[in-house]
Amino acid sequence: MPELPEVETTRRKIEPLLRGRTILHVEHDAPHKYRDTHLAVGRRVTGLSRRGKYLMLNLAPHDGDGPHDLEFIVHLGMTGGFRLEGGRHTRVTIRTDGGDLFFDDPRRFGKMAVVRPGEYAGMPTLAAMGPEPLSEDFREEGFAALAAQAGAVKPWLLSQKPVSGVGNIYADESLWQAGLHPAQTHLTREEAGRLYAAVRDVMGRAVEAGGSSLGSGAGNYRQHDGLSGLFQHSHAVYGRGGEPCPRCGTTIEKTVLAQRGTHHCPQCQPLRRPEDRAEGGRA
């Protein structure tokens with residue numbers, strides 16, 4: 001599934017194609033998945049923003065350059081992405097006065113909706129999303145306070161509540177960098193500090209690399225122009241089950257945690273026992 005780095009790369013790449021353009025028509029055949037897209041017709045795109053894994057096209061009113069009064073929300077799902085040409089997996093076509101943009105989604109999990117800014121009642125994950133990991137709003141003190149009460153740390157990260165945009169790939173990479181077991185609970189202050197720094201570092205490097213592209217199938221993440229991301233070449237553990245850990249050489253294990261494939265190094269990321277909590281360090 002595209003995570004924050006992939007969605008941010010998409011935003012940066014397609015914003016020049018849409019900014020200042022007027023939407024003439026939105027074509028699709030699934031109104032239950034792409035809700036109220038007709039409300040975007042006739043409106044000018046004044047910019048693209050992003051919240052976690054969600055893209056937001058900011059739409060000006062019909063009468064000109066007033067405040068943004070609608071948002072065109074896009075969630076890429078597991079395999080969604082924009083293309084310059086339509087194909088057999090095209091689900092939505094956005095026609096503008098500057099050309100067409102095609103939303104391809106082989107597995108059909110992507111969603112869209114046009115709403116008033118902030119009216120996210122139909123999108124509970126977006127409504128309850130935590131701070132952006134690379135923003136000033138993401139503060140170590142608040143993160144540590146939440147982490148001290150959390151259950152298994154990887155599902156907690158994936159919930160989007162402590163920090164936005166972290167999915168399966170970048171949770172595994174951040175936990176490896178921080179030396180924390182994915183099933184660790186109730187992080188100490190020192191553990192939370194390591195994880196906070198790791199999340200910021202991993203996400204920052206992944207954004208600069210254009211995200212991760214894995215595999216070669218139709219659902220493999222690609223930028224709108226067909227280019228791949230490059231961060232997969234920097235993965236330490238994700239997708240490397242059975243290979244040696246780049247830090248200690250121990251064989252990386254792949255398990256399932258909260259129904260998600262999970263990669264970790266058993267040597268670098270030991271599961272701390274509850275009685276070791278007072279020590280505040282690695283087991």
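Start with the whole chain: buried residues make up 52% of the 283 residues in the protein, where buried means under 20% relative accessible area with a 1.4 Å probe, protein chains only. This is a predicted model, so local features need pLDDT of at least 70 and side-chain atom pairs count only at pLDDT 80 or more, while totals for chains, interfaces and linings use all residues. Residues are numbered from 1 along each chain as its sequence is written, and side-chain values use heavy atoms, leaving out hydrogens and water.

Switch to cartoon and you get six helices and eleven strands. These are DSSP runs numbered from the N terminus: H or I of at least four residues for helices, E of at least two for strands. Of the contacts with a separation of 6 or more, 62% are between residues 24 or more positions apart; contact here means heavy atoms within 4.5 Å.

**Stop one: P2 and E3**

Select P2, E3, K53 and R260, which UniProt lists under "active site" in an unreviewed entry. UniProt positions use the numbering used here, feature names are shortened, and annotations may be inferred rather than shown by experiment.

Zoom in on P2, in the segment before α1 (4–18). P2 is buried, at 6% relative accessible area. Leaving out residues up to four places away in sequence, P2 touches V7, K53, L76, G77, M78, T79 and G80.

E3 is in the segment before α1 too, and is buried at 2%. Beyond four places in sequence, show its contacts: K53, G165, V166, G167, N168, I169 and Y170. Draw a distance from the E3 side chain to the backbone nitrogen of G167 and you should get 2.8 Å.

**Stop two: α1 against α6**

Now select α1 and helix α6 (residues 189–208): their axes come within 8 Å and cross at roughly 35°. Axes are lines fitted to C-alpha atoms over the stretch in contact, with angles from 0 to 180 degrees between N-to-C directions. Show sticks for L4, P5, E8, T9 and R12 in α1, which meet M203, A206, V207 and E208 in α6. That contact splits into five nonpolar, one polar and three charged residues.

**Stop three: H89 and R107**

Next, pick H89 and R107, the "binding site" that UniProt lists in an unreviewed entry. They are spread over 19 residues of sequence yet cluster in space, with a largest C-alpha distance of 8.6 Å.

H89 is in the loop between β6 (81–83) and β7 (90–96) and counts as buried at 17% relative accessibility. R107 is in the loop between β8 (99–104) and β9 (111–115). Beyond four places in sequence, R107 touches M78 and T79, and those two residues are also among the contacts of P2.

Technical notes
Buried means under 20% relative accessible area, exposed over 50%, partly exposed in between (1.4 Å probe, protein chains only). A polar contact is a pair of N or O atoms within 3.5 Å; within protein, one must be able to donate a hydrogen and the other to accept it, and residues adjacent in sequence count only if both atoms are side-chain atoms. Ala, Val, Leu, Ile, Met, Phe, Trp, Tyr, Cys and Pro count as nonpolar, Asp, Glu, Lys and Arg as charged, and the others, Gly among them, as polar.
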